[in-house]
Amino acid sequence: MSHNPQDVQFSTYGPERFAEHLPFARRGYLFTVPGGFPEDTPAHTNVTDWEMATYRARGEWEVRDINGERRVWGTGPSRRTAVGLAFQEIARKRRQRAKDIAEKRVTVLGLEPVPPYAVEVTGAVTLVLAPQAIGVLRLIQPGDYGQNAEYRVVDVDGGDPYDIRADNSVTLRTTQVGVFHDRCGHDPEDAARFENETDAVAYALQSMAMCWPCNVLDD
Ligand SMILES: [Zn+2]
């Protein structure tokens with residue numbers, strides 16, 4: 001996902017979008033600020049994506065978040081300026097928050113500034129084991145009313161997809177593979193984070209068939 005404010009996608013909204021007592025104009029534009037923005041904050045401090053609205057108010061453009069404090073994050077003579085300022089202000093607040101989290105981890109909790117271990121799933125495959133065939137799951141099709149679902153599969157060596165109907169004779173086996181990061185400087189967006197090696201290893205053993213050490217330090 002791009003975190004560049006220049007790539008913001010806008011969609012229009014109309015009078016049905018917000019109740020009248022809310023501080024949004026009746027018409028305007030909606031956009032999203034990704035939870036991972038700005039990219040230089042550690043992934044473990046990411047928040048969920050924020051939905052935002054921008055609209056004309058009092059002769060200029062205003063930007064407000066929809067689900068949180070509903071505060072004004074930016075204003076300006078153009079939509080572009082107002083949105084740009086909102087991104088800047090959100091980045092400032094989030095960097096401050098990331099700094100506060102790091103400080104609190106060290107001074108109050110006695111931890112390292114960021115969790116030292118990260119276990120990242122990098123791939124997964126689900127096998128559909130049926131008496132007549134073994135396939136690699138591509139998607140699950142819900143069955144018609146009263147019917148079992150169907151598993152759309154391909155053979156392990158490829159080929160055209162075909163369907164296996166789910167019943168008691170069919171089982172699914174999911175294999176996950178991943179990477180074990182240990183103070184290597186990587187900051188994967190989607191990873192489970194741990195303060196100590198024991199917990200990280202236990203998690204990796206339980207959730208994955210293979211977990212490779214990240215050996216970036218040896219390179
Ligand atoms: Zn790594």
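Leaving aside neighbours within four places in sequence, threonine 54 is in contact with Phe10, Tyr13, Gly28, Tyr29, Phe31, Trp61, Glu62, Val63, Arg79 and Val83. The model in which these contacts are found is a predicted one. Threonine 54 lies in strand β3, and with a relative accessibility of 0% it counts as buried, because the limit for that class is under 20%. The side chain of threonine 54 also has a polar atom placed 3.0 Å from the backbone oxygen of glutamate 62.

The surroundings of threonine 54 lead to the sheet to which its strand belongs. Strand β3, residues 50–57, pairs with strand β4, residues 60–65, in the antiparallel sense, and six bridges join the two. Within this pairing, threonine 54 has valine 63 of β4 as its bridge partner; Val63 is also among the residues in contact with threonine 54. The sheet as a whole is open and consists of five strands in the order β1-β2-β3-β4-β5, with antiparallel pairing. Its edges are formed by β1 (11–13) and β5 (72–76), each of which pairs on one side only. From one strand to the next, the twist averages 30 degrees.

Helix α1, residues 79–107, packs on this sheet and touches β2 (28–33), β3, β4 and β5. The direction of helix α1 makes about 145 degrees with that of β5. One residue of helix α1 is glutamate 89. The relative accessible area of glutamate 89 is 19%, and the residue is therefore classed as buried, the cut-off being under 20%. Apart from neighbours within four places in sequence, glutamate 89 is in contact with Arg71 and Trp73.

Two loops of this part of the chain carry notable backbone geometry. In the loop between β2 and β3 lies proline 38, and the peptide bond that leads from phenylalanine 37 to proline 38 is cis, with omega near -5 degrees. The loop between β3 and β4 contains arginine 58. Although arginine 58 is not a glycine, it has a positive phi of about 50 degrees. Arginine 58 counts as exposed because its relative accessibility is 70%, where the class requires over 50%.

Further along the chain, another set of strand pairings is found. Strand β6, residues 117–130, pairs with strand β10, residues 171–182, in the antiparallel sense over twelve bridges. One of the bridged pairs joins glutamate 120 to valine 179 in β10. Strand β10 is also joined by four bridges to strand β12, residues 210–213, and these two strands run parallel. Here valine 179 stands opposite tryptophan 212 in β12. Valine 179 thus has a partner in each pairing: glutamate 120 and tryptophan 212.

Alanine 130 belongs to strand β6. Its relative accessibility of 11% is the reason why alanine 130 counts as buried. The C-alpha atoms of alanine 130 and threonine 171 are separated by 6.7 Å, while the two residues are 41 residues apart along the chain. Leaving aside neighbours within four places in sequence, alanine 130 is in contact with Ile164, Ser169 and Val170.

The path through strand β10, residues 171–182, leads on to the zinc site. The zinc ion has as protein donors His181 (ND1), Cys184 (SG), His186 (ND1) and Cys214 (SG), which lie 2.1 to 2.3 Å from the ion. Along the chain these donors follow the spacing H-x2-C-x1-H-x27-C. Angles among the four donor atoms range from 96 to 120 degrees, and the site is tetrahedral; it is assigned so because four donors count as tetrahedral if all angles lie between 85 and 135 degrees.

Two of the donors may be set side by side in terms of accessibility. Cysteine 184 has a relative accessibility of 14% and therefore counts as buried, whereas histidine 186, at 42%, counts as partly exposed. Arginine 183 is placed in the loop between β10 and β11 (192–194). Phi of arginine 183 is near 50 degrees, a positive value in a residue other than glycine. With a relative accessible area of 47%, arginine 183 is partly exposed.

Notes: Residues are numbered from 1 along each chain as its sequence is written. This is a predicted model: local features need pLDDT of at least 70, side-chain atom pairs count only at pLDDT 80 or more; totals for chains, interfaces and linings use all residues. Side-chain values use heavy atoms; hydrogens and water are left out. Donors are N, O and S atoms within 2.8 Å of the metal (3.2 Å for Na, K and Ca); water is not among the atoms, so sites may look incomplete. Four donors count as tetrahedral if all angles lie between 85 and 135 degrees; four count as square planar and six as octahedral if opposite donors are over 155 degrees apart and all others between 65 and 115; anything else is irregular. Buried means under 20% relative accessible area, exposed over 50%, partly exposed in between (1.4 Å probe, protein chains only). Two strands pair if DSSP finds at least two bridges between them. Axes are lines fitted to C-alpha atoms, for helices over the stretch in contact, and angles run from 0 to 180 degrees between N-to-C directions. Contact means heavy atoms within 4.5 Å. A polar contact is a pair of N or O atoms within 3.5 Å; within protein, one must be able to donate a hydrogen and the other to accept it, and residues adjacent in sequence count only if both atoms are side-chain atoms.
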